[in-house]
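User: I am new to this structure and would like to learn how to read it. Please go through the features one by one.

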Amino acid sequence: MPWSVRFGLAVIGLLGLVAVCGPLFPLPDPYAQNIVNALQLPSAMHWLGTDSLGRDLLSRIVAGSRFSLLIGFGAVAVGLAIGLPFGLLAGYYGGLVDTIFARVIDILLAFPGIVLALAVVAITGPGIGNLILAVGLRTIPVFARVSRAETLALRQRDFVEAARALGCRPYEVMYWHILPNIVGPLMIVASLQTATAILIGATLSFLGVGVSPEVPEWGAMLNAGRPYMMGHPHLVLVPGCTLMIAMMALNIMGDYLRDRLDPRFLINRD
Amino acid sequence: MILRYISKRVLYLIPTLLVLSFVVFGLVRLIPGDPVLAIAGPDATPEVLEEMRTALGLNRPMLTQYGFYLKGLLVGDLGTSLRTHQQVWSEIGRRLSSTLELAAAGMALSLIVGIGLGIMAALRPRNWADASTRIVSLLGVSSPTFWTGLLFVLAFGYYWRLFPIAGSGGLRHLVLPAFTVSLTSLAFITRLTRASLIEVFSQDYIRTARAKGASPLRVIVHHALQNALIAPLTVAGLEFGRLVSGVIVIETIFAWPGIGKLLIEAIQFRDWPVIQGLILAFALIFAIVNLAVDILYGILDPRIRLE
């Protein structure tokens, strides 16, 4: 395993560990404000310094990992839950179902990048649930397309024909035969989409329309630190670097999985 | 035959846009809360509210409202901003050129520099230039746009005051925002060009060309590039979409007066007509660019036209 992948794995492992066990660490409360101590540089008492309201930055970063992973996995879960069956059905039945599929996907994909997510949070308002929904909406077409393409390819295969000849009903064929075989490519796409989802969640929070203000999400922290960034760059450097490293790790892992498991996905980064 | 291809694609655009306008319209109507209440304020009497509703046409059935909206769209009337009470189309129009300027500059940068770096990296695989390009491009792909933007603001606006970091008004103002917005796409295009070119280099016809005595330059430019560039150019359309969404963030960081910044402000003020109009505008821009890329792709690669 190349060193870059070991690095990626280590970072993700650390992230997961921190996210799950965060509250168990002996760190100050990430929400506890202490204006007297505001805007301090890293010191013995606050290893990464404090933010504009005196909250310990390290514990906020640790707490933020939970939110980032929540957004990432949540959005991917939404995408899989809706996109996977949709694409599966479209690929299996073809015809009218497929045509409807293509139209709906076209509509979802008609909006560039974060515009769709922005539209959703504009309507539903801020909050982490709405954020997951908004980002998830963007991942649905990705999963739908992949599962449709894979299903189409598998439908012609002999074992599917055999299953149908033996009298398997359509949903049985889909569930027992097609689904287990498309899991591989879907996992690759899922890992890359998690990175994208976290990024979009952070972007929306940075713009102020994602999570609610006091939530220690990394993007929101960047936004909060921005007015003070000139004199206190650590407010911006710390969450930013954390985000970047997490994204790098996820991208490395996703690329590695893709190269190892399926060389077909050369262009599929979206 | 090219004309048929183009006209088919253009015709396909119209129903998509229609459905889009309906979706956007419906979405905005889904907002919880009474927009009239939001405009008039909590102290307004029921009569005033009812009057406003009639004036804005909000008490008609939704389909009728949509009909009016559609009619308005056809003449270019997108409604009035709830915030500034100006026409939506004029608000958008004033800022649209700034955004397009930024997006075009970013796209040009990412294509030119990206393809250039990709070529350079492909020509010397496995040495330090290639490795460092790959690391830098990994960083570029993973770094959030707003993060690099803030870094640039810190670096060039504060520590070394080389470039202005706010507002538009000249080439110097364009440098930082355009570079920031191009970074992710640049990294991606570099990787893609490199991979694509390496694959093309291993093909037989390249070997034949070299065996026939063609100079390395001619081999690269005339034979290899044409085919290797198909992949990056295809992606360019997708990347433009990503660029447009990146522009939204960049405009906020660098105070660039474009439609991205307008969108964020509109969302924060819940200025529904502007939000509606802007979403349509973004979708339209995206659709047009994709159409252009499709047409270009059809011209470059004759195999596509036969579909």
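Analyst: The turns below cover the chain contact, a buried helix and the nonpolar cores. Keep in mind that this is a predicted model.

User: How many residues does each chain bring to the contact?

Analyst: The size of an interface is often given as the accessible area lost when the parts come together. Here it is described by residues: 34 come from chain A and 39 from chain B.

User: Which helix gives the most to the side of chain B that touches chain A?

Analyst: That is H11(B), with ten residues. Helices of chain B that each supply at least two residues to this side include H1 (2–29), H11 (230–254) and H13 (272–300). By class, the side has 31 nonpolar, seven polar and one charged residues.

User: Why is helix H8 of chain A described as largely enclosed by the rest of the structure?

Analyst: A residue counts as buried if 20 or more other C-beta atoms lie within 10 Å of its own. Eight of the eight residues of H8(A), residues 218–225, are buried, so the helix is largely enclosed. Among them are A:Trp218, A:Met221 and A:Asn223. The cover includes H2, H7 and H9 of chain A, together with H7 of chain B.

User: Which residues touch the most other members of the largest nonpolar core?

Analyst: They are A:Ala117, A:Leu118, B:Leu278 and B:Phe282, in a core of 132 residues. Helix H7 of chain A (170–206) provides the largest share of this core, 17 residues. Leaving aside residues up to four places away in sequence, B:Phe282 touches A:Phe111, A:Pro112, A:Val115 and B:Val244. A second, separate core has nine residues, including B:Leu197 and B:Ile220.

Note on methods: Residues are numbered from 1 along each chain as its sequence is written. Chains are lettered from A and ligands numbered from 1 in the order in which they are written. This is a predicted model: local features need pLDDT of at least 70, side-chain atom pairs count only at pLDDT 80 or more; totals for chains, interfaces and linings use all residues. A nonpolar core is a set of buried Ala, Val, Leu, Ile, Met, Phe, Trp, Tyr and Cys residues joined through C-beta atoms within 7 Å. A residue is buried if 20 or more other C-beta atoms lie within 10 Å of its own, exposed if 12 or fewer, and partly exposed in between; C-beta atoms are placed from the backbone. Helices (H or I, at least four residues) and strands (E, at least two) are DSSP runs, numbered from the N terminus. Two residues are in contact if their C-beta atoms, placed from the backbone, lie within 7 Å. Ala, Val, Leu, Ile, Met, Phe, Trp, Tyr, Cys and Pro count as nonpolar, Asp, Glu, Lys and Arg as charged, and the others, Gly among them, as polar.
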